[in-house]
Amino acid sequence: MPAQVPQRDALYRDGEQRYLAMATTMHTVLMGVHEGDWTVPTGGYGAVPIGCSLEGGGDLGYRFSYRREVTLPGVDGETMSAAAIAAFRNAGLKGEAEGYGKGDAAEWNLVAEDEALGRVVVTVVPGASRVEVSADTPCAPGNAGELSRMVTDDEARGSDTLTWRSLPATEGPDSVPLFYFPVGSPVYFNEDGSPVEPQPVVTAPPKAPYGD
């Protein structure tokens, strides 16, 4: 593996910095659009890295995929799009909203391309009373599997395959970004896959034994 590709502690530190920067900016966007609780779709929390191919192909890397959604009965597309534009501006992003379709099929999309965050999208679907927010970061050098094992503390978990239960099911005004999920982390999902109510509140994220 080329020397410039971060490994072990350097990889964790790089991934943590990239994720926290993305998650912090996206929290600003979320709260600017709707200052309440958002649902995290299954697999959409964003802290567990995904494998990808670096620009030019060949070498593999990792990226983060962040997804949030909220149901808002009576949501108005134009009003919410204006709120999203203001939220983007407050987060240091630039984007323009475009409307598509008519009636129940109407949809508003606001898209921003950012060097660090990658592609950020806010989608407003009034007919479904739904607002969706996503971010897909650029592919970064590093082994996604190695980084994932550190983020989810798989070595310490051993045969425990319930890592997904330690990933938050919601994000609200008081949420803080989490990037390390060791054994003993709060459980956000019940065994049947339903969210724990109320969701655990974490104000001091656990410190990982990497990246010092």
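**A tour from the whole chain to its largest pocket**

Start with the whole protein chain: 64% of its contacts with a separation of 6 or more join residues 24 or more positions apart (contact: heavy atoms within 4.5 Å). This is a predicted model, where local features need pLDDT of at least 70 and side-chain atom pairs pLDDT 80 or more, while totals for chains, interfaces and linings use all residues. Residues count from 1 along each chain as its sequence is written, and side-chain values use heavy atoms, without hydrogens or water.

Switch to the C-alpha trace. Along its principal axes it spans about 50 × 45 × 25 Å.

Colour by secondary structure next. The chain has 4 helices and 10 strands (DSSP runs, H or I of at least four residues and E of at least two, numbered from the N terminus). From the N terminus, follow α-β-β-β-β-α-β-β-β-β-β-α-α-β.

Now select the largest pocket's centre: Thr170, Glu171, Gly172, Asp174 and Ser175 lie nearest to it, among 23 lining residues. A pocket here is an open set of points on a 1 Å grid over the protein atoms alone, where a 1.4 Å probe fits, with protein on both sides within 12 Å along at least five of seven lines; lining residues have an atom within 4 Å of a point.

Add α1 (8-33) and β10 (170-171): each supplies at least two lining residues. Which element gives the most to this lining? α1 does, with 4 residues.

Finally, colour the lining by class. Expect 12 nonpolar, 6 polar and 5 charged residues (nonpolar: Ala, Val, Leu, Ile, Met, Phe, Trp, Tyr, Cys, Pro; charged: Asp, Glu, Lys, Arg; polar: the others, Gly among them).
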